[in-house]
Amino acid sequence: MSDLPQFPDLLVLIADPSVHMRRIVRDVISRSGIKRILEATDGAEAIESFSTAYPDICIIDWDM
């Protein structure tokens, strides 16, 4: 596992109303070495997080 690239400085925003989907995505992302992860449960929360934290990657539910 130590041969995998690590991305500790990236900030990822996961926006999904489903707690189960956020958990799955968070687990996959954290296994890739990304440790800074924000979560949003709705569009308003996602916009607030995006405008204050400036994430590098946003993973957003299609229906939001």
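Which pattern does the chain follow when read along the sequence? In this predicted model, the succession of elements is β-α-β-α-β, comprising 2 helices and 3 strands.

The 3 strands are arranged as an open sheet with the order E2-E1-E3 and parallel pairing. Strand E2 (36–40) and strand E3 (57–60) occupy the edges, each with a single partner strand, so one side of each lacks a neighbour in the sheet. Disregarding direction, neighbouring strands of this sheet are turned against each other by 15° on average. Strand E1 (residues 11–15) pairs with E3 in the parallel sense through 4 bridges; alanine 15 has isoleucine 60 in E3 as its bridge partner. Helix H1 (residues 19–31) packs on the sheet and touches E1, E2 and E3. The direction of helix H1 makes about 170° with that of E2.

Helix H2 spans residues 43–53 and contains serine 49. With a relative accessible area of 14%, serine 49 is classed as buried because this value lies under the 20% cut-off. Apart from its neighbours within four places in sequence, serine 49 contacts Leu13, Leu38, Tyr54 and Pro55.

For the chain as a whole, the radius of gyration is 12 Å, which agrees with the value near 11 Å for a compact globule of 64 residues. The C-alpha trace spans about 40 × 25 × 15 Å along its principal axes. Buried residues account for 22% of the 64 residues, and the chain exposes about 4,600 Å², of which carbon and sulfur atoms supply 60%. Of the contacts between residues at least 6 apart in sequence, 71% join residues at least 24 apart.

Key
Residues are numbered from 1 along each chain as its sequence is written. This is a predicted model: local features need pLDDT of at least 70, side-chain atom pairs count only at pLDDT 80 or more; totals for chains, interfaces and linings use all residues. Side-chain values use heavy atoms; hydrogens and water are left out. Buried means under 20% relative accessible area, exposed over 50%, partly exposed in between (1.4 Å probe, protein chains only). Contact means heavy atoms within 4.5 Å. Two strands pair if DSSP finds at least two bridges between them. Axes are lines fitted to C-alpha atoms, for helices over the stretch in contact, and angles run from 0 to 180 degrees between N-to-C directions. The radius of gyration is taken over C-alpha atoms; the globule rule is 2.2 Å times the number of residues to the power 0.38. Accessible areas come from the Shrake-Rupley method with a 1.4 Å probe; for residues, only the protein chains shown count as cover.
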